[in-house]
Each structure stands twice: as structure tokens, then as C-alpha cells.
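Q: Please take a close look at chain A: how its strands are paired, what lies against them, and how this chain meets its partner. A brief word on the helix packing in the partner chain would also be welcome.

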Amino acid sequence: MIEFSNVSKRYENGTKALENVSLNIDRGEFVFIVGSSGAGKSTLIKLMLREEKPTSGIIHVNGFNLNKIKRRQIPKFRRTLGVVFQDFRLIPYMTAYDNVAFALRVTNVSSRDIRRRVPYVLGLVGLASKARIVPDKLSGGEQQRVALARALVNNPDLIIADEPTGNIDPELSFEIVELLHEINKMGTTIVMVTHEHELVSHFNHRVITIENGTVVSDAPEYQEESGGYL
Amino acid sequence: MKTSSFGYLVKEGTRSLWVNRLMSTAAIGVLAACMILVGAAGLFAANVSNIVSYFEDENEIVVFLQDGIDQKGVDDANLKIRMMSNVSEANFVSNEEALQEQMEKYGEYAWLLEEYQGEENMLPHAFRVKVKELEKLEQTAQDLLDMEEVQEVRVPTEVAHTLLGIRSVVTWCGTAIVAILLVVSLLIIANTIKITVFNRRKEISIMKYVGATDSFIKLPFVVEGLLLGLISALLAYMIVWGGYVYVMEWAGTVESAWLQELYRYFVPFEQVYKVLLASFCAIGVGIGSFGSMVFVGKYLKV
């Protein structure tokens, strides 16, 4: 599903963000990517989303070779995955319903299907009653659930979540990851970047640790004896 | 793109105009102000040009025919003059008519000229000739003088030069002012659109992340720009219209002889409204939609 082969990324200002990273994530996995600030986690996500191109190495995501993908094919590629960000990235003047529906509209889904699928997904994340509310009137946790619904609505095989709990209360963080956990059980691959030990230890999934731009460990589950994931 | 998607995007563009109403108002204000300045400068130049044209029309060459020329000679001269390409009008003035004109000018002393009537009339027959292009006045005068039937030509060269100078200044200044205003307007408008798009760069990046194509993102912005341009054009048109009609009415009531004389040659609004409206709409819609398209493009590289 995701394959990085000897991937390095050096930015134009000379910063080395990733160095010779190789990893494989299979269909149906739930993977935490952890590491301290500036370790290279965000660059890894940007490369997965084809927001950045690698300086060297090969990247395959959802059957697309991201080294060779043409600019006009990028929207098609991005429709095969769902993305959740730390800052939610909801369109402020659109209601929760419209924010979710937007992801379907860009793929030319019929209005009838939109009317059928959006309420279903909003119900799945527990926001059926708040469909007509704009993001500003929702709590952080609710906003993140709208973002999650938006990521889910296209039935993607892969969801990439970049610090999805970074801007919400700890108790709500567990709810969000619990939701991702449930989604994963239905067969969707989840890649989640986080630096919250409690979450990683609680959910016990594969943990890839990145430090100074390299993968320093890739453990099938959280290992307390090695001092967590660091 | 499906028709339903197209309809949705047009609706989004319209809605966005209202949602971002503060920036929309600023953009409309800037765009309309620029168009008002351009329109006012254009109308001023058109009026000055019209007035100068009137004075140009009043310019005529007086062509005196040879003394004792017979009717055949007059007919030949008439034909030759009318054949000239730069001649717009030629009116024959017989020596009798010329004497009558002089006597009228003399008023109560007209009796002094009475003895020159009939056989004693010393005045030559003449033609009063108007030219099409003032620039070729001297050449036309020379061509007239070269005719064998012609004894002398009187040309208002100095007046012609002055008028040509005025027209040239007005034309150049008018064009330069309109051009400068257009360039300044373009820069201000470009900046306004740039700020509008910059404020919504996050929104654009969100659209990219959910897999929107560039055209899907651009279309609402283009619709929005187009509407902004159209609203600005109509607003500017209404203001220029109102202002022009007000100035015309004012000029019509001022008790100034020279202004009343000039007033007859002001360009009526009915004569220019189509060009003005079409230009404003073209400028507004063109700048609005094209500007949006270009600047949105800059934020699409996500």
C-alpha cells in the first residue's frame, strides 16, 4: 500500500529532512509514526501526499508511483486516500455537511449520492445532529470528527492522519483514535503521526520511530521496556 | 465536468462574493474608482476633441478667381475644386454677393460702396472651400493656387496650426492619461485580487488535499472575479452617467456666453453610452476573471 525505498529529502535551503528511509505499510495495517519535533515526520507525510517530491528514492502509494506521477494525475491520486490534519483544515464558511460533501463534489459524485452518503458518514463520527453547523461553532474534537468524516466519505483504502489529536483535549484524543481504530477494523489502512505516548501505548499498533530523518525503529507494537518508542 | 458540478461551482462563486463581502466591497470600490477615472478622462478628451473639430470646420480657404473670368471658367474651376480629395465643401460667391456682404458689414456707410455695383464691381468671383483634413490645408491651398482660373488664395494658416496643436495636445494627453490610469488601475486591481486570493490560500490548499482539480478550484474564483468586475462596471457606469448628466445640466444653465457657445458642441451622453458601458464591462469582466485565474494559479502548487 505504501512503499518507501531509500527515500531522501533535502530542501532547497539545504535542510536534510529524510535520509535513506525505507518502509512498507501493508493494506489493513494501523501504523503510528512517532518522533520528536523536527525528526522528519511531517516531511514523510508530505511525501506520502505528493505535496513534496523526494530528492532520491522511490515512493509508491495506493498503486501510484509518486516519482513519476504527472501533475494532472495528482487529484486522482489524492481521491484514493483521506487526510486528517492537526489544524482540521475545514472551510470556515461551509457547514459540517458541506465540508464533508465537498470531498464528494470534487469527484463529480451525483447530488443524490451526496445526500445519501454525507449523513451516513456524519452519523458514523457521531455528528448527525450537527450537520448544519459551521466549524467555528463546533468544539475542537467535533471539528476533527468533521475532518475525519470528510476523509472517510470517499471510502478510501488509506487514511493519513497528521497529529490529529494535537489540537484537542486529551480525553477527546482517545475518542478520535478510537474512531480511527474502528475504521481500521473495517479494513482501512491508517497511518497516524503523533507524539503522544499515552495514545500509542493504549492502542498497541505498529510503531515506526523517526529521528534525525531516519527510521530508528519499526516495532510491531508499543514497547515499554525500550523506553516507549524512543 | 458535469453540468451539476458546473452549476455548483457557479453558485459557490456567487456565494463566496457574499461570504467574503469585506474584500469584495474593497475590490469593487477600487475597480469602480479606476473605471470612473478612466471614463471621466475619456469623456473629457472626447469633448475637447469635439469642440476643436467644430472650430476646424469653421476654417475655410477663400479662393479668388481671375479678374474677368467668364461663366465657363467659373464652371471649370468649380469642377476642379470639387474633384480635389481634401475638399469637403465648396461654395461659390459671386462678386455681386461679395459686394452685398461688404455693404452689410459697412452698415450705415454701405452707400460708400453703392457706386461699385454692376459693371463697376472690382471684386473677383470667389469660392469658399472647407477641407476634410486640416493637416493637409497648406497642400490643398497650393493645389488651388496652381489652378489657372485662380488669382489668389487666402489661407488661415495660423489658426489651423493653433487648432492642430490643441488637438494634438488633447489627443496625446488624453491617451497618456487614460493609459497611465489603466496601468495604475491594473496594478491596484491585481494587488486587490492577490490579497483576496492570498486570504483564501488555506481554503485552496484544502481543496487540493481532497483531490480537487485545478479547474474545479479556479472556476468559483473566476466566477467571483467576473461578478466583481461586472458589478464594478455597472457601478462606475451609473456614477459617470449621473456625474456627466449633472455637469451637462449645470453647463446648460450657466450664464456665460462662451460656455453656452461651447455647450452646443458637448458630446451628448446618448452618443457615448454604448461605448462607455461596453468598455467598462469589458475592462471589469476581463480584469476580474483573468486576474482571479492568474493569482489562484499561484496557490495551486500544493
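The reply below takes the sheets of chain A in turn, then the contact between the chains, and closes with helices of chain B.

A: The structure is a predicted model, in which local features need pLDDT of at least 70 and side-chain atom pairs count only at pLDDT 80 or more, whereas totals for chains, interfaces and linings use all residues. Residues are numbered from 1 along each chain as its sequence is written, and chains are lettered from A and ligands numbered from 1 in the order in which they are written.

Helices (H or I, at least four residues) and strands (E, at least two) are DSSP runs, numbered from the N terminus; two strands pair if DSSP finds at least two bridges between them.

One open sheet of chain A is built from four strands, which follow one another as β2-β1-β4-β5 with antiparallel pairing. Its edges are β2 (16–25) and β5 (64–65) of chain A; each has a single partner strand, so one side of each is left without a neighbour in the sheet. At the β5(A) edge, strand β4 (residues 56–61) of chain A is joined to β5(A) by two bridges, and the two run antiparallel. Within this pair, H60(A) has N65(A) of β5(A) as its bridge partner. Helix α1 (residues 41–48) of chain A packs on the sheet, where it touches β1 (2–10), β2 and β4 of chain A. Contact here requires that the C-beta atoms of two residues, placed from the backbone, lie within 7 Å. The direction of α1(A) makes about 120° with that of β1(A); axes are lines fitted to C-alpha atoms, for helices over the stretch in contact, and angles run from 0 to 180 degrees between N-to-C directions.

Another open sheet of chain A has six strands in the order β6-β7-β8-β3-β9-β10, and its pairing is mixed. The strands β6 (81–85) and β10 (214–219) of chain A form its edges, each pairing on one side only. On average, neighbouring strands of this sheet are turned by 15° against each other, direction ignored.

At the β6(A) edge, five bridges link β6(A) in parallel to strand β7 (residues 158–162) of chain A. V83(A) faces I160(A) of β7(A) in this pair. Helix α5 (residues 140–152) of chain A lies across both β6 and β7 of chain A, and runs at about 165° to β6(A).

Further along the order, strand β3 (residues 30–34) of chain A pairs over four bridges with strand β9 (residues 206–211) of chain A, in the parallel sense. There, R206(A) in β9(A) is the bridge partner of V31(A). On to the other edge, β9(A) is joined to β10(A) by five bridges, and these strands run antiparallel. E211(A) stands opposite T214(A) in β10(A). The two strands form a hairpin with two residues between them, and N212(A) in the turn has a positive phi of about 45°.

Where chain A meets chain B, 16 residues of chain A are in contact with 15 residues of chain B. On the chain A side, the elements that contribute two or more residues are α2 (74–78) and α3 (96–105) of chain A. Of these, α3(A) gives the most, with three residues. By class, the chain A side divides into seven nonpolar, three polar and six charged residues. In this scheme, Ala, Val, Leu, Ile, Met, Phe, Trp, Tyr, Cys and Pro count as nonpolar, Asp, Glu, Lys and Arg as charged, and the others, Gly among them, as polar.

In chain B itself, helix α2 (residues 21–58) and helix α8 (residues 214–253) pack at an angle of about 45°, their axes 8 Å apart. The two helices are therefore oblique to each other; angles under 35 degrees count as roughly parallel, over 145 as roughly antiparallel, 65 to 115 as roughly perpendicular and the rest as oblique. Their contact includes A32(B) and M35(B) of α2(B), and S232(B) and L235(B) of α8(B). This contact of α2(B) with α8(B) holds 16 nonpolar, four polar and no charged residues.
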